[in-house]
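I am opening a notebook on this structure and will write down what I look up, entry by entry.

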Amino acid sequence: MAACVGGCLVLAVLLSLALGSRAIAPGEVLGAIFSGLDSDNATVITSQRLPRTILGLVCGLALGMAGALMQGHTRNPLADPGLFGVNGGAGLGVAVLVFGFGVAAPEAIVFAALVGAGAVSVLVFVAGLGALRGGALVQLAVVGTSVAALCTALTSALVLLDKQTLDVLRFWDAGSLAAPDRSAWGLVMPLMGVGMVLALANGVALRELALGEEVAQALGTRVATARVVGIAAITLLCGGATALCGPLAFIGLVAPHVVRRACAHDYRWLVPLAGCAGAVLLLLADTIGRVVSPPGELEAGIVMAVIGAPVLLSIARAKRLVSL
Amino acid sequence: MSDQTLVPARRSARRGVRIGPVGLAVRPWPVVATLLGLAVLVVLVVFSTVTGTLDLPLDRVWAALTGAGTRIEELVVLDRRFGRAMVAVLIGFALGCSGGLTQSITRNPIASPDILGVSAGAAATATFILTIPGAVGDATSASAVLVPAALLGGLVTTVLILALGWRGGFSCLRLILVGIAVNALAASLTTWLLTRASLDSAAVASRWLVGSLDGVRYDDLAWLLPVVLVGLAASLVLSRDVAALRLGWDIAGSLGTPPGRTEGLALAVAVVLAATTTALAGPIGFVAFVAPQAAMRLFRTAGPPPLAGGLVGAVLLLAADMVAQRLPVPLPVGVVTAVVGAPCLLYLVIRNTRRASV
């Protein structure tokens with residue numbers, strides 16, 4: 001099964017490199033990357049498409065893993081960093097920084113995004129774990145969406161006061177892989193790498209936690225440590241992804257569900273596989289957005305909403321709403 | 001009548017009057033609360049008419065109100081201050097009333113028109129209109145285009161959510177989840193429209209998207225007033241049926257109200273109220289949710305009351321707008337209502353969670 005997901009990932013990467021406003025044959029794509037082929041198309045691939053594909057790969061991995069972690073910790077099938085405002089919190093952090101201090105240095109933006117994402121994920125965890133004990137499911141979704149609404153309202157207030165910020169943020173808001181600025185990559189990608197390692201390690205504890213806190217404790221899991229590691233991983237992954245390509249919703253919701261339906265329920269496998277599925281989704285969404293309305297582009301975030309909302313609808317319309 | 005044979009009457013906490021066979025409970029508190037609410041509203045309107053950035057003495061304000069002032073005084077006092085206060089009152093009433101109706105018929109404190117997609121749908125269609133170059137000529141004729149478009153968008157979205165949420169009956173839970181999904185779709189449509197627009201119309205549209213009373217003019221009262229009057233009349237007519245519906249579908253039926261008809265009518269009125277305000281002032285968040293809940297607690301009623309919710313909504317929106325205007329940097333009123341309303345929603349949800357019920 002893991003091989004199948006891996007195959008999909010390779011296919012999605014190839015598609016993302018080959019398709020665009022100008023379709024390039026797969027042989028030429030491989031030649032451009034591996035044997036240093038020198039042609040116009042090769043230049044397009046190495047300078048334009050490759051960075052974009054790498055960005056999609058990393059952010060998709062991060063968001064898919066973060067979604068699996070959130071669903072595992074809150075035991076809520078609706079958990080998604082985008083819907084629950086973690087990405088919105090990161091966005092608010094950036095807006096506060098840019099507006100309040102006039103700083104637009106990449107390090108500062110990354111830091112602000114991480115702080116915002118961290119604050120919201122702590123809040124969602126507190127509300128979500130409370131809801132878990134109450135046995136109710138929808139509360140967390142409502143808490144998450146209202147936190148997201150609050151973040152959006154505050155962000156737009158800051159944006160409204162400054163037309164220049166609006167011009168930047170109205171594209172950033174849509175969630176897109178077309179970000180031309182690569183100066184923050186060197187800083188964010190290692191942080192996201194740390195987040196991924198933490199997430200993979202957290203998968204082991206989540207497997208026990210899925211049996212309930214008491215059972216997990218009896219089996220020797222340190223519950224408090226596991227929660228803290230989970231929050232740290234989600235913060236690093238979501239904050240980083242949002243700092244790089246804007247708030248993307250639905251990837252963290254859809255990816256774990258796809259993997260669960262296809263193969264794995266064990267969180268040790270679910271977390272990495274959900275990451276791969278997230279990368280496939282984001283790359284596909286981006287490729288679709290590039291192809292569907294030439295000569296312009298549809299932002300990946302908008303394509304993801306069109307793909308993701310029906311999935312949420314199908315979960316909502318299921319005969320019985322199941323808790324994880 | 002043989003009163004003596006009955007079980008000895010318990011002393012009821014509720015006082016009442018009895019004339020022959022007809023008994024009536026007297027509940028003085030709602031009357032007192034209504035009068036208090038109206039008094040606060042009048043004080044706020046007077047305050048916002050009298051004070052402002054232009055320092056006008058009281059007698060000049062009075063002169064402007066009675067038609068004896070200069071043109072500038074009349075413009076400031078009548079159009080900018082009094083007109084704006086009236087708009088805030090009417091929009092606040094419409095939102096609170098609409099929230100009270102939807103919360104009552106779904107028996108769910110969270111089901112405000114925002115969750116049911118009215119605002120998001122109305123906002124998407126209105127953004128569509130706003131970002132077509134030349135579709136909205138000058139500001140005075142904007143409402144004539146925006147109001148019908150937003151009404152249509154709000155209605156379509158609500159029908160969509162209700163249709164998708166229907167599985168042999170409405171589960172509140174399912175309705176909320178479907179609402180979140182459809183709202184996300186509508187929001188991404190709006191974002192897409194914004195990225196396609198020119199920077200100037202994007203600036204106009206995104207200012208409008210937060211919910212602001214800046215663009216609302218005195219002439220818009222002509223749109224607002226009839227809609228609010230219809231809402232008021234409908235709430236009066238429906239209040240008994242809606243109250244019966246709070247007890248549940250079956251009990252409402254056995255109390256002699258047709259539950260399906262009541263739900264349909266109340267929902268239609270709520271959608272018209274919410275969509276009209278969205279067309280005029282943009283989606284002002286959280287008022288429709290907070291006002292009926294606050295009214296329920298202030299008026300000590302059994303459920304969220306539509307009319308009292310409207311009164312509280314009017315007070316809330318007017319106060320929020322006064323705060324928003326008097327900040328060092330004037331903000332759209334939607335920001336203030338979101339900052340006040342979102343924590344209220346969180347509190348309510350977390351408190352409800354402890355009771356382990358939706």
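Entry 1, chain A overall. I counted the secondary structure of chain A in this predicted model and got 13 helices and zero strands. Read along the sequence, the pattern of chain A is α-α-α-α-α-α-α-α-α-α-α-α-α. I then looked up burial: of the 324 residues in chain A, 56% are buried.

Entry 2, a helix pair in chain A. Two packed helices are described by the angle between their axes and the distance between the axes. I took helix 3 of chain A, residues 40–74, and helix 12 of chain A, residues 267–292, and found an angle of about 135 degrees with the axes 6 Å apart. Helix 3 of chain A is therefore oblique to helix 12 of chain A, since the oblique class takes in angles that are neither over 145 degrees nor within 65 to 115 nor under 35. I noted the crossing of these two helices of chain A as right-handed. Sorting the residues in the contact of helix 3 with helix 12 of chain A by class, I have 14 nonpolar, eight polar and four charged.

Entry 3, a loop residue in chain A. I looked at F250(A), which sits in the loop between helix 10 (223–245) and helix 11 (251–262) of chain A. Its phi is near 80 degrees, a positive value in a residue other than glycine. Is F250(A) buried or exposed? The relative accessibility of F250(A) is 2%, so I entered F250(A) as buried.

Entry 4, a loop residue in chain B. I found a positive phi at R300(B) too, near 55 degrees, and R300(B) is not a glycine. R300(B) belongs to the loop between helix 11 (287–298) and helix 12 of chain B. With 60% relative accessibility, R300(B) counts as exposed, because the cut-off for exposed is over 50%.

Entry 5, the second largest pocket. I looked up its volume and wrote down about 590 Å³. Which residues lie nearest the centre of this pocket? They are R27(B), P30(B), T301(B), P305(B) and A308(B), out of 24 lining residues. Helix 1 (28–50), helix 8 (221–245) and helix 12 (306–326) of chain B are the elements that each give two or more residues to the lining. Helix 8 of chain B has the largest share, with five residues. By class, I split the lining of the second largest pocket into 15 nonpolar, five polar and four charged residues.

Technical notes
Residues are numbered from 1 along each chain as its sequence is written. Chains are lettered from A and ligands numbered from 1 in the order in which they are written. This is a predicted model: local features need pLDDT of at least 70, side-chain atom pairs count only at pLDDT 80 or more; totals for chains, interfaces and linings use all residues. Side-chain values use heavy atoms; hydrogens and water are left out. Axes are lines fitted to C-alpha atoms, for helices over the stretch in contact, and angles run from 0 to 180 degrees between N-to-C directions. A crossing is left-handed if the near helix is turned anticlockwise from the far one by less than a right angle, and right-handed if clockwise. Ala, Val, Leu, Ile, Met, Phe, Trp, Tyr, Cys and Pro count as nonpolar, Asp, Glu, Lys and Arg as charged, and the others, Gly among them, as polar. On a 1 Å grid over the protein atoms alone, a cavity is a set of points where a 1.4 Å probe fits but cannot get out, and a pocket is an open set with protein on both sides within 12 Å along at least five of seven lines; lining residues have an atom within 4 Å of a point. Grid points are joined across faces, edges and corners, and a volume is the space filled by probe spheres set on the points. Buried means under 20% relative accessible area, exposed over 50%, partly exposed in between (1.4 Å probe, protein chains only).
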